[in-house]
There are 2 protein chains.
Amino acid sequence: MEALAEKKKAILESTLQLIQEHGFHGTPMSMVAKKAGVAAGTIYHYFESKERLICELYSHVKQQSLEAMQHADDQALPYQQRFFALWHSLFDFYRDNPSVLIFFEQFVNSPYYTQKPLDPLDAFHKTMRQFFEEGVQQHHLREANPEILAMVVHGSIITTAKVHRHKKLQFGGNDLQQIAQIMWDGMAAR
Amino acid sequence: MEALAEKKKAILESTLQLIQEHGFHGTPMSMVAKKAGVAAGTIYHYFESKERLICELYSHVKQQSLEAMQHADDQALPYQQRFFALWHSLFDFYRDNPSVLIFFEQFVNSPYYTQKPLDPLDAFHKTMRQFFEEGVQQHHLREANPEILAMVVHGSIITTAKVHRHKKLQFGGNDLQQIAQIMWDGMAAR
DNA sequence: CGGGGTTAATTGAATGTTCATTCGGTCGCA
DNA sequence: TGCGACCGAATGAACATTCAATTAACCCCG
């Protein structure tokens with residue numbers, strides 16, 4: 001069933017691309033179809049509606065983020081080193097996939113996201129939380145709600161990637177390391 | 001003639017409200033007109049197009065954020081105290097005006113924002129930067145690019161407000177203080 | 001092996017709706 | 001009488017979605 005997956009994938013990826021360029025609006029199904037090299041009707045073979053397409057794209061993209069994060073984590077390393085690896089690998093992922101970043105942010109602030117019951121099985125979120133739970137339990141990090149730590153760190157990564165993208169600031173490797181360091185110093189056990 | 005004609009203000013505020021509820025798309029001009037209590041044509045008396053309306057709304061909203069921040073800053077206080085006041089006042093502003101938060105985020109990730117040359121006179125940004133420049137110069141904060149510090153702190157505020165809004169986490173005052181503290185500890189001079 | 005039959009995949013023109021924008025006209029005021 | 005604010009029905013373009021028709025994939029019986 002590979003050929004089918006091909007088309008579905010092409011549709012998802014075209015949508016992602018086009019949303020980066022033209023926004024959530026300004027991306028008609030006809031344009032998606034054209035870019036994906038399929039007929040308009042074909043999209044409806046794979047996705048019930050535009051809304052469903054976008055929601056599936058969200059899951060797809062989130063899965064990718066998770067993989068980027070997990071890929072870089074080597075549990076054998078000391079915790080602090082793992083923290084920096086996590087920070088940089090996620091940042092790199094967002095920097096190298098600006099369309100993911102944009103789509104993600106647009107989706108989260110759209111009614112699609114608010115309307116849906118939040119996915120309780122959200123693997124990305126869960127993995128992130130576990131990482132910080134571990135840090136707190138082992139006293140590498142200060143006593144704090146791991147959810148909060150996860151949120152703040154992920155926020156710093158997203159923010160940095162967004163600013164980078166807009167070229168408001170061009171970050172050198174030192175700058176990035178400094179940002180990660182600020183986060184670490186703020187959260188580390190006293 | 002007021003600083004802003006009553007109707008113009010009503011249009012701006014209705015747009016803000018509706019975008020929170022229905023998103024950037026899903027907010028037709030006719031709906032804005034109805035909510036603002038004016039005729040569709042009237043909007044075009046004040047705004048050239050929907051795009052212009054949205055861009056003006058952005059400036060308007062940014063101005064409000066600036067005021068929220070400045071309002072709380074008392075330069076007579078010690079720097080650290082000013083930092084916490086800034087963090088909390090901006091957070092409170094976003095928490096109490098979720099429509100601003102949503103709109104802001106949606107706009108920044110839309111093509112409207114990317115297309116426009118970035119406003120070099122951006123007063124919000126400038127005020128923020130100056131605050132952190134001062135902290136670095138007076139050695140309250142570590143040696144770092146003040147732009148970066150400003151970005152990271154603002155990011156932490158926005159992230160917290162967003163998560164709060166989605167009710168993923170309900171923050172108590174302690175939680176908030178802890179987040180601000182993490183940021184301070186990370187940035188403070190060693 | 002082959003061909004007839006069943007199902008799934010794909011097409012793209014047609015449909016009906018929604019929307020931004022326009023414009024001829026009304027109203028109130030100087 | 002003139003002007004600017006304001007109205008809202010009318011216009012035309014753009015769009016999501018549908019569907020009847022076409023093609024490819026597969027399977028089973030002879």
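This is a short dialogue on reading the contacts in a predicted model of protein chains and DNA strands.

Student: What should I know before I start reading?

Tutor: The model is predicted, so local features need pLDDT of at least 70 and side-chain atom pairs count only at pLDDT 80 or more, while totals for chains, interfaces and linings use all residues. Residues are numbered from 1 along each chain as its sequence is written, chains are lettered from A and ligands numbered from 1 in the order in which they are written, and side-chain values use heavy atoms, with hydrogens and water left out.

Student: Which residues come nearest to DNA strand D?

Tutor: A residue is near a strand if one of its heavy atoms lies within 4 Å of it. DNA strand D has 14 residues around it, and those that come nearest are A:Met29, A:Tyr44, A:Lys50, B:Thr42 and B:Tyr46. Of the strand D atoms within 4 Å of the protein, 82% belong to sugar or phosphate and the rest to bases.

Student: Which residues surround DNA strand C most closely, and how many surround it?

Tutor: There are 15 residues around DNA strand C, the closest being A:Thr42, A:Tyr46, B:Met29, B:Tyr44 and B:Lys50. Sugar or phosphate accounts for 80% of the strand C atoms within 4 Å of the protein, and bases for the rest.

Student: What polar contacts reach the two strands?

Tutor: A polar contact is a pair of N or O atoms within 3.5 Å; within protein, one must be able to donate a hydrogen and the other to accept it, and residues adjacent in sequence count only if both atoms are side-chain atoms. On strand D, a phosphate oxygen is 2.6 Å from a polar backbone atom of A:Met29, and a phosphate oxygen is 3.1 Å from a polar backbone atom of B:Ala39. A base nitrogen of strand D is 3.4 Å from a polar backbone atom of B:Gly41. On strand C, a base nitrogen lies 3.5 Å from a backbone N or O atom of A:Gly41. The side chain of A:Thr42 has an N or O atom 2.6 Å from a phosphate oxygen of strand C, and a polar backbone atom of B:Met29 is 2.5 Å from a phosphate oxygen of strand C.

Student: Which helix gives the largest share of the surface near each strand?

Tutor: Helices (H or I, at least four residues) and strands (E, at least two) are DSSP runs, numbered from the N terminus. Near DNA strand D the largest share, five residues, comes from helix α3 (residues 40–46) of chain B. Near DNA strand C the largest share is five residues from α3(A).

Student: What kinds of residue make up these surfaces?

Tutor: Ala, Val, Leu, Ile, Met, Phe, Trp, Tyr, Cys and Pro count as nonpolar, Asp, Glu, Lys and Arg as charged, and the others, Gly among them, as polar. The surface near strand D has seven nonpolar, five polar and two charged residues. The surface near strand C has eight nonpolar, five polar and two charged.

Student: How is the interface between the two chains described?

Tutor: The size of an interface is often given as the accessible area lost when the parts come together. Here buried area is the accessible area (1.4 Å probe) that two parts lose on being put together, summed over both. Chain A and chain B bury about 3,700 Å² between them, with 66% of it on carbon and sulfur atoms. A:Asn109, A:Met151 and A:Ile182 supply 18% of the area that chain A buries against chain B, more than any other three residues. Counting contacts (heavy atoms within 4.5 Å), 45 residues of chain A touch 44 residues of chain B.

Student: How many salt bridges are there between chain A and chain B?

Tutor: A salt bridge is a side-chain nitrogen of Lys or Arg within 4 Å of a carboxyl oxygen of Asp or Glu. The count between chain A and chain B is six. In one of them, B:Asp185 meets A:Arg142 (2.5 Å, N to O). B:Asp185 also forms a salt bridge with A:Arg190, the closest N and O atoms being 3.5 Å apart. B:Asp185 lies in helix α10 (residues 173–187) of chain B and A:Arg190 in the segment after α10 of chain A, so this pair joins two chains.

Student: Are these two residues, B:Asp185 and A:Arg190, buried or exposed?

Tutor: Buried means under 20% relative accessible area, exposed over 50%, and partly exposed in between (1.4 Å probe, protein chains only). B:Asp185 counts as buried at 15%, and A:Arg190 as exposed at 67%.
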